[in-house]
Every structure is written in C-alpha cells, then in structure tokens.
Amino acid sequence: MKRKEFIEKLGVGAAFVLTSTCLGGCTRDSAEPIKDLDFVIDLNQEEFSELNTFGSYIIQDQVVIARSTTGEYLAATLICSHDNLAQITYSGAESGWLCTAHSARFSEEGEGLNANGSKGLQVFNTELDGSLLRIFS
Ligand code: FES
C-alpha cells in the first residue's frame, strides 16, 4: 500500500485524531524564569529512588532533578530556552542538559553549548541533608 492510499484509508476522523494528538503534545510552556523555587524531596521515597543511580534524572514540579555521573545532585528547569518546550533531560557530565526537541545542549551550570542552547538554561541550587534534598533558586 502506498502512502497516499494509506492516508486516504485513514479518513478525516483518523487524521483529526492524529493532528489533535500532535497539537496537544507540542504545546509550549512559559519561558519565564521560575522565581522563589524552594522544595524538598525525600530520597528514601520510592518515587525518587531513580536518583540513587548516577547519571539518572526525574521530573518534579517542572524541574529536572539529576544525579550527575560524578554523584552530585543537579536541578534545572524542564522548559527549554530555545522554543519553550518542556523537554529538558540530563545526559551526563560531558553532555550536560539536553533538550530532546531540537537538540539544544547546556552545561551542568546552564551555559549554552550549541546554537539552539545559546540562551542558556535556568539551573537551581541543591542541598543534601541526610536523605532530604532541597531544590531552590
Ligand atoms: S525547544 Fe529545546 S531545542 Fe528547541
């Protein structure tokens, strides 16, 4: 079956569903810097256990919280400065923060590492007290 035939078989209804799904997944969030951020997570809780693994990350309250490949706790906004999409991930000490939308790259300190990352990325402070990790601006 050729592509045109396949699309015709889908019909208008299916095309609408595919289009509306994409539109819903492609919405842009605010690029405004997050002010007065301050919250604590307990690393002993199951939902944060991923952070026991070096190089992993979780998303909490529009913040990407990472355990760096060297064991430090890092945090950055989920919203990319390139096109305001909520697609920031952590990809290791050398690659830093990576946006999966258009491959903007940022250092762990939030400095842009390529053209799409040139506006930099808002990062936050972290402070560990026992199993409690505070993330704050
Ligand atoms: S929105 Fe992140 S690279 Fe474009």
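1. Starting with β4 (73–77) and β8 (residues 123–129): two bridges join them, and the strands run antiparallel. Across this pairing, alanine 76 sits opposite valine 123 in β8. Strands here are DSSP runs of E, at least two residues, numbered from the N terminus, and two of them pair if DSSP finds at least two bridges between them.

2. Before going on: this is a predicted model, where local features need pLDDT of at least 70, side-chain atom pairs count only at pLDDT 80 or more, and totals for chains, interfaces and linings use all residues. Numbering runs from 1 along each chain as its sequence is written, and side-chain values use heavy atoms, with hydrogens and water left out.

3. The wider sheet is open, with six strands in the order β1-β9-β8-β4-β3-β2 and antiparallel pairing. β1 (38–42) and β2 are the edge strands with a single partner each, so one side of each lacks a neighbour in the sheet. From one strand to the next, the twist averages 25° (axes are lines fitted to C-alpha atoms, and angles run from 0 to 180 degrees between N-to-C directions).

4. Worth a look on your Ramachandran plot: most residues other than glycine have a negative phi. Aspartate 61, in the loop between β2 (57–60) and β3 (63–67), has a positive phi near 50°. Asparagine 84, in the loop between β4 and β5 (88–90), has a positive phi of about 60°.

5. On accessibility, aspartate 61 is exposed at 52% relative accessible area, while asparagine 84 is partly exposed at 22%. Buried means under 20%, exposed over 50%, partly exposed in between (1.4 Å probe, protein chains only).

Notes. Helices (H or I, at least four residues) and strands (E, at least two) are DSSP runs, numbered from the N terminus.
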